[in-house]
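Okay, thanks everyone, I'll keep this short. Have a look at the chain on the screen, and then we'll walk through it together.

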Amino acid sequence: IIIVYFNLTHEQIHFLLQTRSVCLLEGMGDETLIGLLHSNPFRKRICHVFSTSDMKDGSLSFEDFLDLLSAFSDSATLEIKSHYAFRIFDFDDDGTLDARDLEKLVNSLTGETDDTRLTAEEMRQLISNILEESDIDKDGTVNLSEFQHVISRSPDFVSCFPVRIFHLRL
């Protein structure tokens, strides 16, 4: 049996093993089954990207949960990690990262409080710089191939999606 270390209680582990399903609910604080996602600014997007639920509510089946763990594991390739990162950052799910996606990405990373929010000019300049560096075909967006090209030049990217997995003998 593989148990993922997320500070799960014995009851939560038992529930996971019995139901073979996981539902990630926002607003439950440390009571969520996956505490790692609680503080992640992309938690809604992560659940959306990995969810196969017809209800589009971000709920994860056990198989979805395993897909998430696989993509975030140390053994996942750069191609897999960059593919899922791209999908997470593609907020409107149109297959490209445009200025709106990039603005949401920056706001998610910096926070949306008055103290951390960039001014309109700072945001415009940052998005312009990102597109200048990443938009190879100069169409005003970053596609998956362009994103993967940029990521391939970032050796620390693979370590940005860690999940520790422990084997438990019962």
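So, this is a predicted model. Let's start with residues 122-157: that span is 61% helix and 6% strand, and its end C-alpha atoms lie 25 Å apart. The UniProt entry, which is unreviewed, annotates 122-157 as an EF-hand domain, along with 77-112. Over 77-112 we get 67% helix and 6% strand, with the end C-alpha atoms 32 Å apart.

Now helix 7, residues 120-134. With 15 residues at 1.5 Å each, helix 7 should span 21 Å, and its end C-alpha atoms are indeed 21 Å apart, so that agrees. Which residues of helix 7 are buried? Those would be Met123, Ile127, Leu131 and Ser134. Look down the axis of helix 7 and these buried residues sit within an arc of 80°, so they line one face. That fits the usual helix geometry: with 3.6 residues a turn, positions three or four apart point the same way. Over on the other side of helix 7, Glu132 and Glu133 are exposed. And what do the buried residues pack against? Helix 6 (99-110), strand 5 (142-143) and helix 8 (144-152).

Last bit, the core. The largest nonpolar core has 26 residues, and the ones touching the most other members are Phe50, Phe89 and Phe147. Helices 3, 4, 5, 6, 7 and 8 each put in at least two residues, with helix 4 giving the most, 5 residues. If you zoom in on Phe89 and skip neighbours within four places in sequence, its contacts are Phe42, Leu97, Asp101, Leu105 and Phe147.

Okay, happy to take questions.

Technical notes. Residues are numbered from 1 along each chain as its sequence is written. This is a predicted model: local features need pLDDT of at least 70, side-chain atom pairs count only at pLDDT 80 or more; totals for chains, interfaces and linings use all residues. Side-chain values use heavy atoms; hydrogens and water are left out. UniProt positions are given in the numbering used here, feature names are shortened, and annotations may be inferred rather than shown by experiment. Helices (H or I, at least four residues) and strands (E, at least two) are DSSP runs, numbered from the N terminus. The expected span of a helix is 1.5 Å times one less than its number of residues. Buried means under 20% relative accessible area, exposed over 50%, partly exposed in between (1.4 Å probe, protein chains only). The arc is that of the directions from the helix axis to the C-beta atoms. Contact means heavy atoms within 4.5 Å. A nonpolar core is a set of buried Ala, Val, Leu, Ile, Met, Phe, Trp, Tyr and Cys residues joined through side-chain atoms within 4.5 Å.
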